[in-house]
Amino acid sequence: MDLIRVKKSIQLAIKLLILSIFLGYIMIWIMMPTNVFWLHWSPRIHAETDSMFFGQQGANILVYTSPILLIATLGCIYLHLDQYTCDSNNRTTKDSRFAMWARPVFVRGPLGIVSWTELSFILMFIVFLIWSISAYVHGMFKNITRQSSSKIGELVWEVKLDSVALMLGLVGNICLSFLFFPINRGSSILRLVGLTSESSVKYHIWLGHTVLTLFTAHGVCYIIYWATTHQISEMLKWDRNGISNVAGEVALISGIVMWITSHSLVRRKIFELFFYTHHLYIVFVFFFILHVGFSYSCIMLPGFYLFVIDRFLRFLQSQQRVFLISARVLPCHVVELNFSKDPRLSYNPSSIVFIKVKRISKLQWHPFTVTSNSKMDPHQLSIVIKSEGSWSRNLYENLSSPTPIEHLEISVEGPHSPTSASSYLRHEMLVMVSGGSGVTPFISIIRELVFIANTDNNEKNIPRIILVAAFKKSEDLAMLDLLLPFPGTSDDLSRLQIQIQAYVTRDKNPTTEKSHKTIWFKPSVSDKPISEALAGSRSWLWLGAIISSSFIVFHLLIGLLNRYYIYPIDHNTYSIYSQAARSTITTSVLCASVVITATLAFFWNKNKNNKDKNQIQSADSSNQVPEPWLYEVDRELGSFPNQSLEQVTTVHYGERPNMKKMLSECEELNVGVLVSGPKKMRQEVAAICCSSKNLHYESFSFNW
């Protein structure tokens with residue numbers, strides 16, 4: 001206990017340090033649009049930090065980049081300690097004082113379902129943008145007069161248009177600074193504030209719309225300005241020591257292409273087009289850096305830097321082909337894939353994995369919810385795929401064909417875990433509402449609660465569960481069969497208080513139950529169990545080490561390069577090495593630093609774990625099934641020794657669930673309402689939860 005107290009004290013100290021750094025960082029951002037910052041603070045900082053090693057960019061790296069990377073590193077240490085200080089036996093005492101802030105306030109609108117917390121941050125962000133715009137405009141316009149305009153041969157409105165165009169670019173860069181944080185899947189910063197990359201994608205979308213709106217307006221204003229002042233040739237300008245207009249145009253065009261193809265109509269109907277064109281972010285970021293120079297791009301660098309680290313680690317992990325043990329093909333056009341995994345790999349319920357099936361596509365990655373439980377199934381990880389799009393339909397057709405498939409080459413990224421199951425234990429009751437394949441996140445949650453209910457500790461209060469599952473056809477009811485724990489486990493479903501209300505909306509009568517088939521795959525020599533890129537309980541420490549060490553390596557390399565190669569030749573005059581050349585060199589060194597440190601850390605972990613992985617492989621080989629690899633299975637719901645699902649399931653044919661009536665009958669003081677399904681379903685349930693104090697809303701969605 002003394003050791004736990006010490007670790008909690010360290011966590012508290014880290015929290016206070018992170019808060020102090022963050023408040024100082026916010027102060028810099030608030031002051032940045034003012035003349036006080038640009039005329040007094042910035043020159044003094046540059047004078048103190050300008051050197052032969054880092055040049056003018058040293059000040060911006062210190063002010064804009066270093067604080068966030070330091071917070072990310074401290075966050076990794078905090079999350080590592082959190083693994084040991086979390087009290088698993090006192091799950092129900094989780095502080096719920098801020099539960100009201102998670103309640104939906106807006107249900108229908110352009111922003112979708114918005115909670116009070118999200119609304120507060122949105123309003124603060126809007127106020128900050130308004131402050132930045134007003135401060136920039138005030139500082140720029142106060143010196144624009146008829147006399148000053150006539151001196152440069154322009155009208156007052158033309159000079160103001162030039163200033164407005166510049167202001168739009170500056171404010172756009174502020175929004176760009178936040179753009180990459182929500183899609184950093186292994187982010188310690190997101191975890192510190194209780195978010196995951198999956199739940200934060202909508203913030204990335206909102207920021208993306210804002211960024212491209214501002215940058216497009218920025219470009220249009222300059223084109224109008226150049227056209228009216230007869231300077232249209234400026235569009236072809238590539239300054240050696242200043243703004244490179246051509247680079248900005250290339251960045252803007254690539255951004256607009258991504259913007260158009262990310263529209264919901266294009267994304268849902270032609271996902272491949274959205275997927276491939278979104279890789280233009282590389283072009284966008286690179287030419288943006290060339291446009292403004294690396295020094296000014298340090299403002300947006302922290303989010304992108306952490307994204308590059310995360311993306312490269314995921315790339316290293318995805319190069320390993322994983323061992324697919326079996327596939328279960330259900331008659332409702334659903335496939336369950338069962339992978340071998342490293343028993344040390346632990347993940348929370350409703351975790352996400354991204355998979356690539358080379359037989360279907362060599363480039364496409366698709367996210368799926370993990371339905372297995374790492375405690376109940378230490379050697380196996382399972383996902384469920386519903387045949388809905390072209391990719392999943394192609395996979396289902398391959399697996400359901402009469403010709404058996406002996407091997408599938410699959411790569412995996414993840415799993416990426418959300419909040420632990422203890423967050424669900426603070427409720428007295430859980431109402432899970434799903435539509436179609438939306439039931440998959442609840443499979444892992446229910447299995448986690450089954451495991452907790454079967455442990456020896458009787459002090460844990462497991463909430464009562466009502467699962468409301470809506471399906472279109474009666475054959476889709478087969479998905480409920482996946483709720484049962486794997487055969488051979490000692491966990492008993494009867495220890496859980498669960499009721500299942502299944503609704504079949506299109507069929508008025510049950511159809512004849514069809515059998516499903518299971519395919520057992522032959523392992524390849526190169527197939528390995530799924531494991532984390534940075535395996536083990538020290539993964540957060542490894543991530544923090546990569547962030548800090550790569551940044552140190554970057555400083556060493558760029559400092560030595562500037563001091564002993566570039567500065568002796570150029571002397572910071574940019575006459576030999578232009579701004580574009582320096583920006584290219586610096587960006588290349590930054591990426592090289594990430595690649596070097598992340599690769600060393602990844603392979604250090606891989607070599608260290610080879611012995612254990614070989615033992616796992618030998619254990620998995622004993623589970624291989626001899627030929628024939630394909631056989632038919634007729635399995636009833638009550639075929640397990642556990643409590644039969646038939647006893648707790650009520651099926652309603654030709655009906656839709658009356659959620660308002662069902663939720664109004666919940667008398668418990670603390671009811672968690674979890675929703676996973678179509679947009680209309682989520683909005684309907686969110687609207688009901690808005691008006692009730694005892695209903696706490698949470699949703700799972702991949703339909704962005």
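The chain folds into 23 helices and 17 strands, where helices (H or I, at least four residues) and strands (E, at least two) are DSSP runs numbered from the N terminus. This is a predicted model, in which local features need pLDDT of at least 70 and side-chain atom pairs count only at pLDDT 80 or more, while totals for chains, interfaces and linings use all residues. Residues are numbered from 1 along each chain as its sequence is written, and side-chain values use heavy atoms, with hydrogens and water left out.

Let's begin with the chain as a whole. Of its 704 residues, 52% count as buried; buried means under 20% relative accessible area, exposed means over 50%, and partly exposed lies in between (1.4 Å probe, protein chains only). A contact here means heavy atoms within 4.5 Å. Among contacts between residues at least 6 apart in sequence, 79% join residues at least 24 apart.

Now to the interior. A nonpolar core is a set of buried Ala, Val, Leu, Ile, Met, Phe, Trp, Tyr and Cys residues joined through side-chain atoms within 4.5 Å. The largest such core has 87 residues, and L176 and F180 have the most contacts inside it. Helix α3 (residues 57-85) gives the most to this core, with 12 residues. If you centre your view on F180, you will find that it touches Y281, V285, M300, G303, F304 and F307, not counting residues up to four places away in sequence. Apart from the largest core lies another one, of 37 residues, including L430, I443, M479 and L496.

Aromatic residues are a good next stop. Rings of Phe, Tyr and Trp (its six-membered ring) pair if their centres lie within 6.5 Å; planes under 30 degrees apart count as stacked, over 60 as edge-to-face and the rest as tilted. By this rule there are 24 aromatic pairs. In one of them, the ring centres of W29 and F178 are 5.9 Å apart and the planes meet at 55°, so this pair is tilted. The pair links distant parts of the chain, since W29 belongs to helix α1 (residues 2-31) and F178 to helix α6 (residues 156-179), 149 residues apart. W29 counts as buried at 5% relative accessibility, whereas F178, at 33%, counts as partly exposed. Both belong to one aromatic cluster formed by Y25, W29, F125, F128 and F178.

Helix α9 (residues 245-261) shows how a helix sits among its neighbours. Its 17 residues reach 24 Å from the first C-alpha to the last, close to the 24 Å expected at 1.5 Å a residue; the expected span is 1.5 Å times one less than the number of residues. Among its buried residues are A247, A251, L252 and M258. The buried residues of α9 pack against α8 (201-228), α10 (264-269), α11 (271-277) and α12 (281-292). In the loop between α8 and α9 you will meet H230, which has a positive phi of about 60° although it is not a glycine. H230 is exposed, with a relative accessible area of 76%.

Next come the strands, which pair if DSSP finds at least two bridges between them. An open sheet is formed by 4 strands in the order β3-β9-β6-β7, with antiparallel pairing. Its edge strands are β3 (321-322) and β7 (366-369), each pairing on one side only. Strand β6 (residues 352-357) is joined to strand β9 (residues 410-416) by 5 bridges, and K356 has S411 in β9 as its bridge partner. Strand β9 also holds P415, and a cis peptide bond, with omega of about 5°, joins G414 and P415. Look at F354 too: the charged end of R185 sits over its ring, 3.5 Å from the centre. A charge sits over a ring if NZ of Lys or CZ of Arg is within 6 Å of the ring centre and within 35 degrees of the ring normal.

Another antiparallel pairing joins strand β4 (residues 324-330) to β13 through 4 bridges, with W520 in β13 as the bridge partner of S326. Strand β13 (residues 516-520) is mostly covered, as 4 of its 5 residues are buried.

Finally, visit I585 in helix α19 (residues 579-608). I585 is partly exposed, with a relative accessible area of 25%. Leaving aside neighbours within four places in sequence, I585 is in contact with L561, I566 and Y577.
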